[in-house]
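Reader: I am new to this structure and would like to understand how it is put together. May I ask a few questions?
Author: Certainly; please have the sequence and structure in view.
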Amino acid sequence: MTIYTYLLNKKESGEIRIMFQAGLPAQLLFYLDIYAYHLAHPEESQFQVALYFGVSKKTVWRVYRTLSQSVM
């Protein structure tokens, strides 16, 4: 299971609200949107995704790196 699937499951169950109250950065919801877009459009480059969301390529790279990690 990746961090993305873990957070997506928590979002769908409503538990993610508790995680945000406990200090989870709110930007992770935006990260989930970026990663979902990446999964739906795997042919697009990081640059294209960055343009679509109005963020830097470094942000897109950070999203991919963070959310694709395995949860232990």
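Reader: Which residues of the largest nonpolar core touch the most other members?
Author: In this predicted model, that core has 15 residues, and those touching the most other members are Leu7, Leu32, Tyr35, Val49, Val63, Tyr64 and Leu67.
Reader: And which helix gives the largest share of this core?
Author: The largest share comes from α3, with six residues. At least two residues are supplied by each of α1, α3, α4 and α5.
Reader: What is leucine 32 in contact with, leaving aside its neighbours within four places in sequence?
Author: Leucine 32 is then in contact with Tyr4, Leu7, Leu8, Lys11, Ile16 and Leu67.
Reader: Turning to α1, which of its residues are buried?
Author: Helix α1 covers residues 3–13, and Tyr4, Leu7 and Lys10 are buried there. Viewed down the axis of α1, the buried residues lie within an arc of 130 degrees, so they line one face of the helix.
Reader: What do those buried residues pack against?
Author: They pack against α2 (16–21), α3 (27–40) and α5 (57–67).
Reader: What comes just after α1?
Author: Glycine 14 is found there, with a positive phi of about 90 degrees.
Reader: A different topic: at what angle do the axes of α4 and α5 cross?
Author: They cross at roughly 110 degrees and come within 8 Å. Angles of 65 to 115 degrees count as roughly perpendicular, and α4 and α5 are therefore roughly perpendicular to each other.
Reader: Which residues meet there?
Author: Gln46, Phe47, Val49 and Ala50 in α4 meet Lys57, Val60, Trp61 and Tyr64 in α5. By class, this contact has six nonpolar residues, one polar and one charged.

Conventions. Residues are numbered from 1 along each chain as its sequence is written. This is a predicted model: local features need pLDDT of at least 70, side-chain atom pairs count only at pLDDT 80 or more; totals for chains, interfaces and linings use all residues. Side-chain values use heavy atoms; hydrogens and water are left out. Buried means under 20% relative accessible area, exposed over 50%, partly exposed in between (1.4 Å probe, protein chains only). Helices (H or I, at least four residues) and strands (E, at least two) are DSSP runs, numbered from the N terminus. The arc is that of the directions from the helix axis to the C-beta atoms. Contact means heavy atoms within 4.5 Å. Axes are lines fitted to C-alpha atoms, for helices over the stretch in contact, and angles run from 0 to 180 degrees between N-to-C directions. Angles under 35 degrees count as roughly parallel, over 145 as roughly antiparallel, 65 to 115 as roughly perpendicular and the rest as oblique. Ala, Val, Leu, Ile, Met, Phe, Trp, Tyr, Cys and Pro count as nonpolar, Asp, Glu, Lys and Arg as charged, and the others, Gly among them, as polar. A nonpolar core is a set of buried Ala, Val, Leu, Ile, Met, Phe, Trp, Tyr and Cys residues joined through side-chain atoms within 4.5 Å.
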